[in-house]
Amino acid sequence: MKPRHKKLALIAVVVAALGVAVVLVLNAFNSNLVFFFSPTQVANGEAPTNRAFRIGGLVEEGSIKREADGLTTRFVVTDTAKTIPVTYTGILPDLFKEGKGVVAEGRLGPDGLFAATQVLAKHDENYMPPEAASAIEQAQKAQKTVVE
Amino acid sequence: MIPELGHFALIIALLLALIQAALPLYGAQRGNLTLMAVARPAAQGQFVFVALAFGCLAYSFLTNDFSVENVARNSFSQLPEIYRFTATWGSHEGSMLLWVLILAFWSTAVSVFSRHLPEDMAARVLGIMGLISIGFLAFLLTTSNPFERLLPAAMDGNDMNPLLQDWGMIIHPPMLYMGYVGFAVAFAFAIAALLSGKMDVAWARWSRPWTTVAWAFLTLGIMLGSWWAYRELGWGGWWFWDPTENASFMPWLAGTALIHSLAVTEKRGAFKAWTVLLALIAFSLSLLGTFLVRSGVLSSVHAFATDPARGAFILGFLAVVIGGSLALYAWRAPKMITGSGFTWFSRESLLLANNVILVAALGAVLLGTLYPLFMDAMGLGKISVGPPYFNAVFVPLMAPALFLMGIGPLARWKEASLPDMVVRMKWALGVALATGLLLPLTLDGFKPWASLGFFLAAWIALAVLTAFVDRLRHGQGSLGQKLATLPRGFWGMQLAHFGMAVGVAGIAVVANYATERDVRMDVGSYAELAGYTFTFRGTTEHDGPNYRAARGTVEVGKNGKTISTLHPEKRVYNASGMAMTEAAVRPVAFTDIYVAMGEQLDDRGAWTVRLFYKPFINWLWLGAAFMVVGGFLAASEKRYRIALRRSDVSKNLAAQGA
């Protein structure tokens with residue numbers, strides 16, 4: 001091979017390797033995106049039932065109930081318009097409280113119960129998870145339009 | 001008075017930065033030695049004034065001056081003194097000031113250790129660093145003044161975020177910034193080379209030790225951050241693929257690619273354009289990382305919009321630095337002359353493969369980190385990209401990179417022989433394969449990913465051994481004498497590679513064999529995990545300096561004997577009322593036993609408790625520590641400190657290329 005051909009071959013190999021990497025990355029990206037839905041969207045049936053997604057809003061006052069094992073907790077997430085019942089087994093984050101913002105990741109069961117595999121409440125007393133804040137904002141906007 | 005003094009010092013520092021940038025750059029273009037000579041004293045003077053400003057802010061924090069808004073928001077009178085000091089860089093404003101201080105420190109270091117550089121090169125490098133400093137000082141003074149007064153003064157402060165009250169967080173930010181800002185030196189060298197048009201091997205030799213030191217600091221900073229998250233967040237995880245972590249990991253990937261590509265440029269004169277591009281990318285990502293974490297854009301894209309001045313400045317600054325440097329690159333890079341050629345199997349080609357893989361990994365992390373922000377900013381919905389994506393991408397990309405890491409340092413430059421390599425490495429391959437297949441059997445069951453990890457770790461470690469054996473087989477003198485004559489660059493590289501092997505082995509164990517349990521524990525009850533017995537002895541009230549805690553007592557036993565007593569805490573901080581879990585971690589040989597308190601369940605003192613068994617997690621920190629020491633060792637090699645005239649270098653290169 002002439003040096004020029006060698007160089008071209010080298011470039012071809014590098015481009016091919018990068019191409020494989022890109023396909024791999026985009027494929028993994030596509031199958032691992034987690035979408036966010038507000039309680040209103042879930043109530044409207046917009047959320048998928050066959051893959052995990054995130055919900056967010058406020059933990060409704062008086063809704064936290066602990067089961068006998070001490071580890072399974074049921075609570076209700078609200079965006080002030082619609083609510084979703086959630087169940088979670090495990091230790092909840094320090095800032096998980098009634099009336100505070102929360103984001104949960106999990107799957108929606110056929111009975112409408114959201115089985116969370118992960119509950120996120122960020123580490124700042126005044127901090128509202130952005131997803132939760134936007135869900136509440138959307139719900140309140142929607143209500144206003146209805147009233148008007 | 002002191003805060004105003006600090007503010008004034010920052011203004012003087014900005015003026016000095018203007019001088020440091022303008023005069024030497026102009027002088028270098030015109031060949032005016034008098035103007036070029038301004039660079040060093042201006043850089044050193046700037047350091048003095050930034051340090052003064054930093055000292056003023058630290059003084060305000062230490063003396064609880066709550067008439068300064070920054071202090072009132074981020075400190076508290078009951079906060080222990082050491083945390084009042086570290087609160088200096090706990091806020092957005094303070095961390096930007098720390099950034100500028102470290103930049104001034106690096107500039108001063110360059111001004112001192114650049115005696116062997118040609119005058120115009122030193123002037124250009126310091127001038128570019130002055131330009132970066134202008135950007136940051138202007139940002140501080142116009143949008144993020146750390147000395148802003150609060151009228152009327154607050155009675156007391158809001159306290160520092162309790163999570164940051166940990167000694168891992170005392171040193172993590174300065175080390176991380178030493179890394180980020182250290183890449184500014186590599187960036188300045190690259191821009192200086194583009195400006196002067198002298199893209200020779202000497203340039204690579206000058207910028208190599210700086211880049212390696214910055215990389216070592218960044219590695220240390222990331223390691224400390226990971227160690228902090230592991231201990232302090234109470235979830236037992238050491239890497240979450242969180243955007244804040246990715247923000248520091250992206251410059252690390254670019255920096256790792258850069259130190260390898262610089263090796264090729266210095267030794268063989270090849271990859272010049274690519275090396276320069278990587279230097280520009282590494283620093284651009286450092287800037288992006290600083291702003292991602294520090295501007296609040298991650299907690300909410302809209303928080304960014306609530307302070308439009310700050311957001312606009314940041315985007316403008318990024319656009320100028322990244323756009324400007326890439327434009328200069330596009331204009332100048334085609335004029336660079338490529339070095340000598342190499343064949344498909346050579347150290348060059350293996351390092352090229354290393355670079356391709358690292359850059360692909362970098363692209364994957366960048367996509368996963370920025371895409372959700374982009375979607376949100378465009379109003380296209382909220383998504384998150386979690387660990388499954390990053391793991392799915394990273395393992396297949398890193399496995400071949402780690403395999404090549406074993407061969408690369410053993411291959412010859414220019415042309416290596418594959419059959420020869422097979423002969424040299426077949427025993428290592430055999431032993432590594434046996435390790436990968438057999439070692440998991442001695443642990444808790446065979447797991448394919450653990451097996452792959454052990455194979456790669458053993459492969460790299462054996463390659464390091466092979467390299468030493470090769471070097472020591474020839475020559476005269478005792479083993480000790482031979483070891484002493486090996487260059488530090490060799491020691492550093494091998495040590496860093498060995499550290500990678502240690503880290504990979506640690507990850508393989510902890511990712512596959514760690515176990516955890518969330519349990520309800522009544523006083524006197526016990527739970528078992530991985531052969532250890534945890535007995536809960538209840539909690540007692542405990543008062544800290546600025547918090548109250550329920551302190552649990554958990555006895556850890558093995559084979560009927562108590563081996564340790566742990567005291568995890570659940571704290572409530574006085575100023576913020578924030579609850580926080582303080583986990584108790586006890587290393588037993590290479591394994592960590594880790595206990596975190598959940599919630600109190602009833603009046604009789606029952607709690608939910610989270611128990612972790614984390615085998616070999618220490619190997620992660622140990623491996624990273626080897627990499628850091630290796631980096632410093634390699635950078636301290638003598639030949640970097642020897643003055644080289646350009647003619648010597650070109651002669652040298654001609655001799656090598658012949």
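Modeller: Let's start with a term we'll need: a helix crossing counts as left-handed when the near helix is turned anticlockwise from the far one by less than a right angle, and right-handed when the turn is clockwise. Keep in mind that this is a predicted model.

Colleague: Fine, let me try it. In which hand does α8(B) pass α11(B)?

Modeller: Left-handed: that is how α8(B) passes α11(B). In general, a pair of packed helices is described by the angle between their axes and the distance between those axes. Here α8 (residues 167-196) and α11 (residues 272-294), both in chain B, have axes that come within 8 Å and cross at roughly 140 degrees. That angle makes α8(B) oblique to α11(B).

Colleague: Which residues of α8(B) and α11(B) make the contact?

Modeller: On α8(B) they include B:Tyr180, B:Phe183, B:Ala184, B:Phe187 and B:Leu194, and on α11(B) they include B:Val276, B:Ala279, B:Leu280, B:Phe283 and B:Gly289. Sorted by class, the contact has 13 nonpolar residues, 3 polar ones and no charged ones. As for the spacing in the numbering, an α-helix has 3.6 residues a turn, so residues three or four places apart point the same way.

Colleague: Okay, now α17(B). How does the span of the helix compare with what its length predicts?

Modeller: You take 1.5 Å a residue, which gives 38 Å for the 26 residues of α17 (448-473) in chain B; the end C-alpha atoms are 37 Å apart, so the two agree. Just past α17(B) sits B:Gly475, which takes a positive phi of about 85 degrees.

Colleague: And at what angle do α17(B) and α19(B) cross?

Modeller: At roughly 165 degrees, with the axes of α17(B) and α19 (residues 488-513) of chain B coming within 8 Å. That makes α17(B) roughly antiparallel to α19(B). Using our opening term again, the crossing of α17(B) and α19(B) is left-handed. Residues in this contact include B:Trp449, B:Gly453, B:Leu456, B:Ile460 and B:Val464 on α17(B), facing a set on α19(B) that includes B:His497, B:Met500, B:Ala501, B:Val504 and B:Ala508. The class count is 18 nonpolar, 4 polar and no charged residues.

Colleague: α17(B) packs on α16(B) too. Is α16(B) roughly parallel or roughly antiparallel to α17(B)?

Modeller: First the geometry: α16 (residues 418-442) of chain B and α17(B) have axes 8 Å apart and pack at an angle of about 150 degrees. So α16(B) is roughly antiparallel to α17(B). Here the crossing of α16(B) past α17(B) is right-handed. Among the contributors are B:Arg424, B:Met425, B:Ala428 and B:Leu439 from α16(B), plus B:Leu452, B:Phe455, B:Trp459 and B:Leu462 from α17(B). This contact divides into 16 nonpolar residues, 4 polar and 1 charged.

Colleague: Let's switch to strands. In what order do the strands of the open sheet in chain B lie?

Modeller: The order is β2-β11-β10-β9, an open sheet of 4 strands in chain B with antiparallel pairing. At the edges stand β2 (515-521) and β9 (584-588) of chain B, each with a single partner strand, so one side of each has no neighbour in the sheet. On average, neighbouring strands here are turned by 20 degrees against each other, direction ignored. Looking at one pair, β9(B) meets β10 (591-600) of chain B over 5 bridges in the antiparallel sense, and B:Arg586 stands opposite B:Ile593 in β10(B).

Colleague: Over to chain A. How many residues lie between β6(A) and β7(A) in their hairpin?

Modeller: There are 5, and one in the turn, A:Gly112, has a positive phi of about 85 degrees. β6(A) and β7 (114-120) of chain A run antiparallel, joined by 6 bridges, with A:Gly106 opposite A:Ala116 in β7(A). β6 (101-108) also pairs antiparallel with β2 (53-59) of chain A over 6 bridges, where A:Ile55 faces A:Ala104 in β6(A).

Colleague: Last one: how many residues does each chain bring to the contact between them?

Modeller: Chain A brings 29 and chain B brings 36. On the chain A side, α1 (3-32), β1 (33-37) and α3 (130-147) each supply at least two residues, and α1(A) gives the largest share, 11 residues. That side has 18 nonpolar, 5 polar and 6 charged residues. Strands join across the chains as well: β1(A) pairs antiparallel with β1 (383-385) of chain B over 3 bridges, and A:Val34 stands opposite B:Ser384 in β1(B).

Notes:
Residues numbered from 1 in each chain as written. Chains lettered and ligands numbered in written order. Predicted model: local features only at pLDDT ≥ 70, side-chain atom pairs only at ≥ 80, totals over all residues. Pairing = 2+ DSSP bridges. Axes fitted to C-alpha atoms, helices over the stretch in contact; angles between N-to-C directions. Contact = placed C-beta atoms within 7 Å. Nonpolar A, V, L, I, M, F, W, Y, C, P; charged D, E, K, R; others polar. Expected span 1.5 Å × (residues − 1). Parallel < 35°, antiparallel > 145°, perpendicular 65-115°, else oblique.
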